[in-house]
Amino acid sequence: TERLVIVGAGQAAFALAAKLRALKDERPITMIGDEPVPPYQRPPLSKKYLLGEMSFERLTYRPDAWFNENGMDLRLSTRVVKIDRAVKTVTLSDGSTLDYDVLVLATGATPRKLPVEIGGTLEGVFEVRNKADADRLAGEMRPGRHLLVVGGGYIGLEAAAVARKLGLEVVLIEAAERILRRVAAAETADAMRAIHEEHGVSIREKTGLVNLIGENGHVVAADLTDGSRVRADFVVVGIGVTANDSLAKDAGLDVAGGIIVDELGRTSDDSIFAAGDCAVFPYRGQPIRLESVQNAVDQAEAIAAVLAGEPRPYVPQPWFWSDQYDVKLQIAGYNAGYSETLVRPGSRPGALSIWYFRAGDLIAVDAINDAKAYVSGKKMLENGINPPKESLADSNFDLKQLLA
Ligand code: FAD
């Protein structure tokens, strides 16, 4: 039987291993993860887990014992440091080597850090990617303290919401002209900005960081490009991630902002696959990389199907969510390249959805406290239904009629 080695023990790695067993594929699996804990869900790290409302046990998919019971050798606190494609081995951080027949890279991504020159290495500066990060950050979240969030993406906004809920003072700066610039339309950003301002976050757009100011090696304040100085007892940095593709690159695989794979998840080496945040794959003729649970799971399951001898190309049906305060933002589709948006008022106060079109076709929906709009939009996208704009704009029109 073929030996499968999975590099990384996160979302995609777990989904692949679980799917293989569900497909009755019993090959031996070795999963190597550099964190000290078995695979777990990351989204709550900036939401309920950070708030202290969810235990770590609830984040893990399976207890340690499950892996062994299912014929998997789960090696934790261990890094893969090298791939030797000629002899099909990987080298581990303890110096040992492992043979593989099939190798899957599920290495995820690493948060960008603030440059050292502007104080990025001061104590009290945090990124949020893993349990250790969230645990350290949670220890800082005490009422009355001052948090500076750098970056108005989902992670920064979620951390700001948690901090306000716990009674901290929060300033969030975004260098671009608005928050959520990379991922959502201005209408979605407007709604989310208003919600944060109602909750007392000071959101400062078109405002960058000049530098952090430290005392005894710990951050205490920040100078901003608008000339102001703000107190910062600690800082959360949410300025994006880079794909963990250096192992692949060093092994001579094709990489470009991530590990390049085809629609079956295969890299430029037939024995090596990649899935999740580290992988760049074709979508409607363009290479893209997504950072979402849906993508990691579906892409990993597509690789499992290939290995189990039932290949079917991965065609993403993107969806994503974000929780901030009591607001649930749900996103269906992929909005890149949109040319037009339409706002649909929801049937309840505070409910709203933003519909994205490209060349007249619906490509994505952002729903804010509007599960009905999300569900209908997702179904329309899956079934290629293009809703008439006048129906969307009319909050009394029942979208389900378009799905009949
Ligand atoms: P990961 O889950 O990151 O797993 C990769 C693992 O590989 C890590 O443990 C890493 O340490 C390990 N690793 C890397 N290199 C090596 C090596 N050489 N050797 C051994 N181990 C290695 N998505 C959503 O859809 N909705 C959300 O609301 C949402 N919120 C999020 C909030 C936070 C705070 C974060 C960090 C992410 C969030 N995401 C969300 C994104 C989602 O969690 C990721 O897209 C998903 O985890 C990607 O899975 P992955 O397996 O590719 O990578």
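The legends below describe close-up views of a predicted model.

**View 1. An open parallel sheet of 5 strands.** The strands are arranged in the order S9-S16-S10-S11-S12, and their pairing is parallel. At the edges stand strand S9 (125-126) and strand S12 (202-205), each of which pairs on one side only.

**View 2. The pairing of S11 with S12.** Strand S11, made up of residues 169-174, runs parallel to S12 and is joined to S12 by 4 bridges. Within this pair, glutamate 174 of the model stands opposite glutamate 205, which belongs to S12.

**View 3. Helix H5 across the sheet.** Helix H5, spanning residues 154-165, lies across strand S10 (146-150), S11 and strand S16 (234-237), and runs at about 165° to S11. Leaving aside residues up to four places away in sequence, alanine 160 touches Val149, Val170, Leu172, His196 and Val201.

**View 4. Two nonpolar cores.** The largest nonpolar core comprises 71 residues, and those with the most contacts inside it are Val149, Ala160, Val170, Val235 and Val236. H5 supplies the largest share of this core, with 8 residues. Apart from this core lies another, of 52 residues, among them Ala13, Met31, Val255 and Ala305. In soluble globular proteins, nonpolar side chains tend to be buried together.

**View 5. The annotated C-terminal region.** An unreviewed UniProt entry carries the annotation "domain: Reductase C-terminal", which covers residues 319-403. Over residues 319-403 the chain of the model is 21% helix and 40% strand, and the C-alpha atoms at the two ends are 19 Å apart.

Methods. Residues are numbered from 1 along each chain as its sequence is written. This is a predicted model: local features need pLDDT of at least 70, side-chain atom pairs count only at pLDDT 80 or more; totals for chains, interfaces and linings use all residues. Two strands pair if DSSP finds at least two bridges between them. Two residues are in contact if their C-beta atoms, placed from the backbone, lie within 7 Å. Axes are lines fitted to C-alpha atoms, for helices over the stretch in contact, and angles run from 0 to 180 degrees between N-to-C directions. A nonpolar core is a set of buried Ala, Val, Leu, Ile, Met, Phe, Trp, Tyr and Cys residues joined through C-beta atoms within 7 Å. A residue is buried if 20 or more other C-beta atoms lie within 10 Å of its own, exposed if 12 or fewer, and partly exposed in between; C-beta atoms are placed from the backbone. UniProt positions are given in the numbering used here, feature names are shortened, and annotations may be inferred rather than shown by experiment.
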